[in-house]
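Visitor: I am new to this structure and should like to be guided through it. May I put some questions once it is before us?

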Amino acid sequence: RRGFLHTQEGWTPGKIGNGNPRWECPLESIHSVFNDKELFANVQPVDLIETCNWNFADQRKWKLFTPEAIRVLTPAPPVSLFPYSGNRRSQEIALESSLRKLVKQYRKDECRLGTVWSDKLAYRLGPALAAYEAERCTGVTFGNMEFQQAIKRHIPVGHVFKAIPFHFNHRSSRRMLASFLGSSRKEGRDAQQIRNGGRGVTATDLLKSTGDSVRFAVRVRIFPFPEDTCATWVILAVKYREVD
């Protein structure tokens, strides 16, 4: 569920906005609410977020556990988590190199086209991936305007810019390419805003781009988590001048 949860106003569907004091809650239902001092059990007939009554003083809706009842509970055993063991930056560089080779081979085999890469464009894509991961974790967006301005200053007048971000929970470049080609996902909102809207393109459309001074870019960011799990963000981009 995407929306806002306010202790007085209750649940309001929608996306979080700038300056909105309410916090975004991705949960579907609530069984209990607790802090370091109190524990409330939800005793309402329906525990869905949209229908919950959030008046914790109402004993017909929320059952308060006494401090004595909480103290006699058996503490949960500590959970030991192994830290991420890989070298994140080395993995990012290796994955970018592998994706470049695969994209180059795909364009050669399918389109009879060469591929030229732009390190400068790839460098400017990095902040967008950090912003996407932050939005995924917190629900709050930031840095969109700065990213758009950086790209606009880099793209020459009369050129087209296209970019599509992808999120994965693995680091297999071949599986990623298969996702690119099999995905109907449209380009990111940032790219569309930079181009002043228009029809969004798919990854296949992007990979088959033709024109004058065509330059591709790929950027990878790996966000590590315990137990050797990770969130891998990949963004594909291209800039070129259209030819009539």
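Visitor: How many of the ten residues of strand 7 are buried?
Guide: The model discussed here is a predicted one. A residue counts as buried when its relative accessible area is under 20%. By that criterion strand 7 is mostly covered, and the number of its buried residues is nine.

Visitor: To which strand do ten bridges join strand 7?
Guide: Strands of a sheet pair through backbone hydrogen bonds, either parallel or antiparallel. Here the two strands run antiparallel. As one example of facing residues, phenylalanine 161 stands opposite lysine 239. The partner joined to strand 7 by the ten bridges is strand 9.

Visitor: Which residues have the most contacts inside the largest nonpolar core?
Guide: In soluble globular proteins, nonpolar side chains tend to be buried together. The largest such core in this model comprises 28 residues. Among the elements giving two or more residues to this core are helix 2 (88–111), helix 5 (173–182) and strand 8 (212–225). The residues with the most contacts inside the core are Leu99, Met176, Phe180, Leu206, Leu207 and Val234.

Visitor: Which residues is valine 234 in contact with, leaving aside its neighbours within four places in sequence?
Guide: A contact requires heavy atoms within 4.5 Å. With those sequence neighbours set aside, the list for valine 234 includes Leu129, Ile164 and Pro165. Also included are Leu99, Met176, Phe180 and Val218.

Visitor: How many residues has the second, separate core?
Guide: Leu121 and Leu125 belong to this second core. Ala217 and Phe223 are included as well. The number of residues in this separate core is 17.

Visitor: Why is one side of strand 4 and of strand 6 left without a neighbour in the sheet?
Guide: Three strands form an open sheet in the order 4-5-6, with antiparallel pairing. Strand 4 (32–34) and strand 6 (62–64) stand at its edges, so one side of each lacks a neighbour because each has a single partner strand.

Visitor: What is the average twist from one strand to the next in that open sheet?
Guide: The sheet is built from three strands in antiparallel pairing. From one strand to the next, the twist averages 25 degrees.

Visitor: Which residue in strand 6 is the bridge partner of alanine 41?
Guide: Strand 5 (residues 39–42) and strand 6 run antiparallel and are joined by three bridges. In strand 6, the bridge partner of alanine 41 is lysine 63.

Visitor: What percentage of the residues of the protein count as buried?
Guide: The protein has seven helices and nine strands. Of its 244 residues, the share that counts as buried is 39%.

Terms used. Residues are numbered from 1 along each chain as its sequence is written. This is a predicted model: local features need pLDDT of at least 70, side-chain atom pairs count only at pLDDT 80 or more; totals for chains, interfaces and linings use all residues. Side-chain values use heavy atoms; hydrogens and water are left out. Two strands pair if DSSP finds at least two bridges between them. Helices (H or I, at least four residues) and strands (E, at least two) are DSSP runs, numbered from the N terminus. Axes are lines fitted to C-alpha atoms, for helices over the stretch in contact, and angles run from 0 to 180 degrees between N-to-C directions. A nonpolar core is a set of buried Ala, Val, Leu, Ile, Met, Phe, Trp, Tyr and Cys residues joined through side-chain atoms within 4.5 Å. Buried means under 20% relative accessible area, exposed over 50%, partly exposed in between (1.4 Å probe, protein chains only).
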